[in-house]
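Me: I should like to learn how to read the features of a protein model. Could you guide me through one example?

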Amino acid sequence: MAETESAPGAQEFIPPQADTIDELRAAAAGCRGCELYRDASQTVFGRGDESARVVLVGEQPGDLEDQKGLPFVGPAGRLLRRAVDDAGINTGQIYLTNAVKHFRFELRGKRRIHQTPDRVHITACRPWLVAEFARLHPEIVVVLGATAAKALLGPTFRVTKQRGELMPWPAAAQHPEDFARVPVDSDGKVADAPAARLLATIHPSAVLRADNQDVAYDGLVKDLRVAARALR
Ligand code: SF4
């Protein structure tokens, strides 16, 4: 697949009156903000408790997620859930989403091979992430891997250098103003977002690809434990 240069973006598909994640999810099903909707099966929106204390942001849905329409249900998702549990975070207190909400892949024969989203896809899809955060009130935001880090923290952030480090949210975001206010009611009243913290770590698929999966898994759990301890 050739690199895409521009895309209209998701903003025009987001109904301003959407108060809940369910309403956003319904609207995202019809998003045409970039070309990824054409080859993927469906939009894979975030899921979890709207009052989740921890929001985890990954890259994009994988093959299985694309088929099922749910994020983090494939092998990487199972590994992530185990790591969250091993870190001492209640898996019932999490909300899971991705920076890009359609599966980007390349066809090789009948196989659909994952392709990392380009910057244009991350930028096009970012309004959905902003809209999700406007309706969530996490205490901790966990950024999983480089694509999510680019979406939230900008292109210069290096997960390998700053993983496991607690940072102020949304002050650490590339455009903190996008995340600083949350709607209070459907009349458009807004308030300051509650103080939260952000932590970056590797994507669980990086554990699955690692030469030494045990070491990589332990590193992921160690980072997540920092988040677990920060929960008030
Ligand atoms: S990847 Fe995001 S911006 Fe692109 S069509 Fe899908 S939901 Fe819309």
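Reply: The dialogue below takes up the pocket, the nonpolar cores, the backbone and the salt bridges in turn. Please keep in mind that this is a predicted model.

Me: Let us begin with the pocket. How many residues line the largest pocket, and which lie nearest its centre?

Reply: A pocket is described by its space and by its lining. Here the largest pocket holds about 740 Å³ of space. Its lining consists of 33 residues, and those nearest the centre are Glu59, His114, His203, Ser205 and Arg209.

Me: Which elements each supply at least two residues of that lining?

Reply: They are the helices α3 (63-68), α4 (75-86), α6 (145-153), α7 (159-162) and α9 (204-209), together with the strand β5 (111-114). By chemical character, the lining divides into 14 nonpolar, twelve polar and seven charged residues.

Me: I turn now to the interior. Which residues have the most contacts inside the largest nonpolar core?

Reply: A nonpolar core is a set of buried nonpolar residues joined through their side chains. The largest one in this model has 42 residues, and the most contacts inside it belong to Leu24, Trp128, Phe133, Val143, Leu152 and Trp169. Two or more residues come from each of α1 (21-28), β2 (54-58), α5 (119-135), β6 (140-144), α6, β7 (167-169) and β10 (196-201). Helix α5 gives the most to this core, with eight residues.

Me: What does Trp128 touch, leaving aside residues up to four places away in sequence?

Reply: Trp128 touches Ala10, Phe13, Ile14, Leu24, Ala27, Ala28, Cys31, Phe45 and Lys101. Apart from the largest core lies another, of 27 residues, and among them are Leu56, Val84, Ala216 and Ala227.

Me: How should I read the backbone, and where is there a cis peptide bond?

Reply: The general idea is that most peptide bonds are trans, and that most residues other than glycine have a negative phi. In this model, a cis peptide bond joins Trp169 and Pro170, with omega about 5°. Pro170 is placed in the loop between β7 and α8 (177-180).

Me: What is the phi of Phe72, and is this residue buried or exposed?

Reply: Phi of Phe72 is near 60°, a positive value in a residue other than glycine. Phe72 is found in the loop between α3 and α4. Its relative accessible area is 5%, so Phe72 is buried, given that buried means under 20%.

Me: Finally, how many salt bridges does the structure hold?

Reply: A salt bridge pairs a side-chain nitrogen of Lys or Arg with a carboxyl oxygen of Asp or Glu. The structure holds nine. In one of them, the side chains of Arg112 and Asp63 meet at 2.5 Å, N to O. This pair links strand β5 with helix α3, at positions 49 residues apart.

Me: Which other salt bridge does Arg112 form, and which residues make up the network?

Reply: Arg112 also meets Asp66, at 2.8 Å, N to O. That pair likewise links strand β5 with helix α3, with the two positions 46 residues apart in numbering. Asp66 is buried, at 0% relative accessibility, whereas Asp63 is partly exposed, at 29%. Salt bridges with shared partners join Asp63, Asp66 and Arg112 into one network.

Me: Which helices are linked by the salt bridge of Arg126 and Asp178?

Reply: These side chains meet at 2.5 Å, N to O, and the pair links helix α5 with helix α8. Arg126 is buried, with a relative accessible area of 12%, while Asp178 is partly exposed, at 28%.

Note on methods
Residues numbered from 1 in each chain as written. Predicted model: local features only at pLDDT ≥ 70, side-chain atom pairs only at ≥ 80, totals over all residues. Heavy atoms only, no water. 1 Å grid on protein atoms, 1.4 Å probe; cavity = no way out; pocket = protein on both sides within 12 Å on 5 of 7 lines; lining within 4 Å. Points joined across faces, edges and corners; volume = space filled by probe spheres on them. Helix = DSSP H or I, 4+ residues; strand = E, 2+ residues; numbered from the N terminus. Nonpolar A, V, L, I, M, F, W, Y, C, P; charged D, E, K, R; others polar. Core = buried A, V, L, I, M, F, W, Y, C linked by side-chain atoms within 4.5 Å. Buried < 20%, exposed > 50% of the residue type's maximum accessible area, 1.4 Å probe, protein only. Contact = heavy atoms within 4.5 Å. Salt bridge = Lys/Arg side-chain N within 4 Å of Asp/Glu carboxyl O.
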